[in-house]
Amino acid sequence: MDRKINLIDILKDKASILRATLSINRHVSSIHVAILRATSHDPSSPPSDEKIADILDLGRSSRLAACTCIDILMDRLHVTQNAFVALKCLYTVHNIVSRGSFIFRDQISYHPSFGGRNFLNMTMFSDKSDLDTWEFSLWVRWYAAVVEQNLMVARAIGYYLNTENHNKVVVALLNSDLVADIEVLVGFVARISDAPESLSLQRNDLVYEIVKAASEDYRAVQREISVRVKEVEDRVERLSLSELTRVVEALRRLEDCKERLVLLFVNRKRNDGLWESVRKTRAELAETKAQREERRLVVVRTVSRNRGRDELSESTQCWNPFLEPGQLLLLPSGGGGGGGWLGMGPSPIAV
């Protein structure tokens, strides 16, 4: 059942917009009003396309406007204790990351100074108004983590998701960078798959819309992973044992996410071709890895045996301080009653 916006929340929105409108700084006022309208307390509906477009247009005007917009948006996100306002702020941030201008993306990527793993700082968010808002708080924390991971992926691979094709970039990657890319992309998929297990997805349009936005990220990540899996397959013989191990583990982790992703997106983003490619490539890499480990073990055993022979040979050498260098020492025989100690015939040993 959808929640209905109450009178107090309506009055809060109107009062906030009125204060922003009366601001002396008209430039800041217009930006503030646009953000307030896009992030109202209405619990049932996401920001309209028109409201999101108004904000995206701000990022195309100037760097100052983009910076001001990000500052106001982040302040609202961090001050609010309302789960629905927080979700709408995150949805707006997500649209800036996915569809914003370069200036806009640049500003949000390094807010407040250098963006980090938890720059949105929503891991402890909790709307304790009632049981329903507590449940929606789970979606706030999940969605914030998804948006953060999106930006981390962009920094790692060198470009934003949902942009032009970068196959040529992948071909030019070093093996170590290729493996690192796969790990960070799989980490993003794992983050998306870790969605709350609640009924809000079916009963609330706002939650439905944020999951839909996350599904677009997932589709883009599928493409990026597919390109890199194909490249890894072409480079199998050139990967080190350590790199093989990391890729096999990453692909195994990816496969572990499949069931949760199918449930979350209700088969809309299934992409059976990718999963079959991942399965085959992981099996091939695992076989190559096992063969190399076996060869390595054989080499280690051979070296150990040879070393043992060398040590045995060295142990039979005797040193006698009373002999001159190059002089031979005859060792006594180990025959019947001779009391010999080596159990062998007289053996000349150079000292």
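Here is a quick tour of some side-chain contacts, surface patches and loop details in this structure. Keep in mind that you're looking at a predicted model. A search of the whole structure turns up 15 salt bridges and 4 aromatic pairs. The points below pick out some of them, then move to the surface and to one loop.

**Salt bridges inside helix α11**

- Start with helix α11, which covers residues 205-234 and holds both E216 and R219. These two form a salt bridge, and their closest N and O atoms are 2.4 Å apart.
- Along the chain, E216 and R219 are 3 residues apart, or about one turn of the helix.
- How open to the outside are they? E216 is partly exposed, with a relative accessible area of 26%, and R219 also counts as partly exposed, at 38%.
- Helix α11 has another pair for you to find: the side chains of E224 and R228 meet in a salt bridge, at 2.8 Å from N to O. Being 4 residues apart in the helix, E224 and R228 are separated by about one helical turn.
- Are E224 and R228 buried or exposed? E224 counts as buried because its relative accessibility is 13% and the cut-off for buried is under 20%. R228 is buried too, with a relative accessible area of just 1%.

**A salt bridge between two helices, and a network**

- R282 and E255 have side chains that meet in a salt bridge, 2.4 Å from N to O. R282 sits in helix α14 and E255 in helix α12 (residues 241-256), so this pair ties together parts that are 27 residues apart in sequence.
- R282 is partly exposed, with a relative accessible area of 26%, and E255 counts as partly exposed at 23%.
- D132, E135 and R203 are joined into one network by salt bridges that share partners.

**Aromatic rings in helix α7**

- Among the 4 aromatic pairs is W139 with W142: their ring centres are 5.5 Å apart and their planes stand at 90°, so the pair is edge-to-face.
- You'll find both W139 and W142 in helix α7 (residues 131-157), 3 residues apart, which is about one turn of the helix.
- Both tryptophans, W139 and W142, are buried.
- Y143 joins in as well: W139, W142 and Y143 form one aromatic cluster.

**Patches on the surface**

- Which residues gather in a patch of negative charge on the surface? They are E233, E237, E284 and E287.
- One of them, E284, lies in helix α14, which runs over residues 272-315. E284 counts as partly exposed, at 30% relative accessibility.
- There's a nonpolar patch on the surface too, of about 280 Å², made by L7, I10 and L11.
- L11 belongs to helix α1 (residues 7-21) and counts as partly exposed, at 49% relative accessibility.

**The loop between α6 and α7**

- N121 lies in the loop between α6 and α7. What stands out about its backbone? N121 has a positive phi of about 55°, although it is not a glycine.
- As background, most residues other than glycine have a negative phi.
- M124 has its place in the loop between α6 (102-109) and α7. M124 is exposed, with a relative accessible area of 73%.
- M124 and L138 are 14 residues apart along the chain, and their C-alpha atoms are separated by 9.9 Å.

Terms used. Residues are numbered from 1 along each chain as its sequence is written. This is a predicted model: local features need pLDDT of at least 70, side-chain atom pairs count only at pLDDT 80 or more; totals for chains, interfaces and linings use all residues. Side-chain values use heavy atoms; hydrogens and water are left out. Patches are made of residues with over 30% relative accessible area and no salt bridge: like charges are joined within 9 Å, nonpolar side chains (Val, Leu, Ile, Met, Phe, Trp, Tyr) within 5 Å. Accessible areas come from the Shrake-Rupley method with a 1.4 Å probe; for residues, only the protein chains shown count as cover. A salt bridge is a side-chain nitrogen of Lys or Arg within 4 Å of a carboxyl oxygen of Asp or Glu. Lys and Arg count as positive and Asp and Glu as negative; His and the chain ends are not counted. The place of a charge is taken as NZ of Lys, CZ of Arg, CG of Asp or CD of Glu. Buried means under 20% relative accessible area, exposed over 50%, partly exposed in between (1.4 Å probe, protein chains only). Rings of Phe, Tyr and Trp (its six-membered ring) pair if their centres lie within 6.5 Å; planes under 30 degrees apart count as stacked, over 60 as edge-to-face and the rest as tilted.
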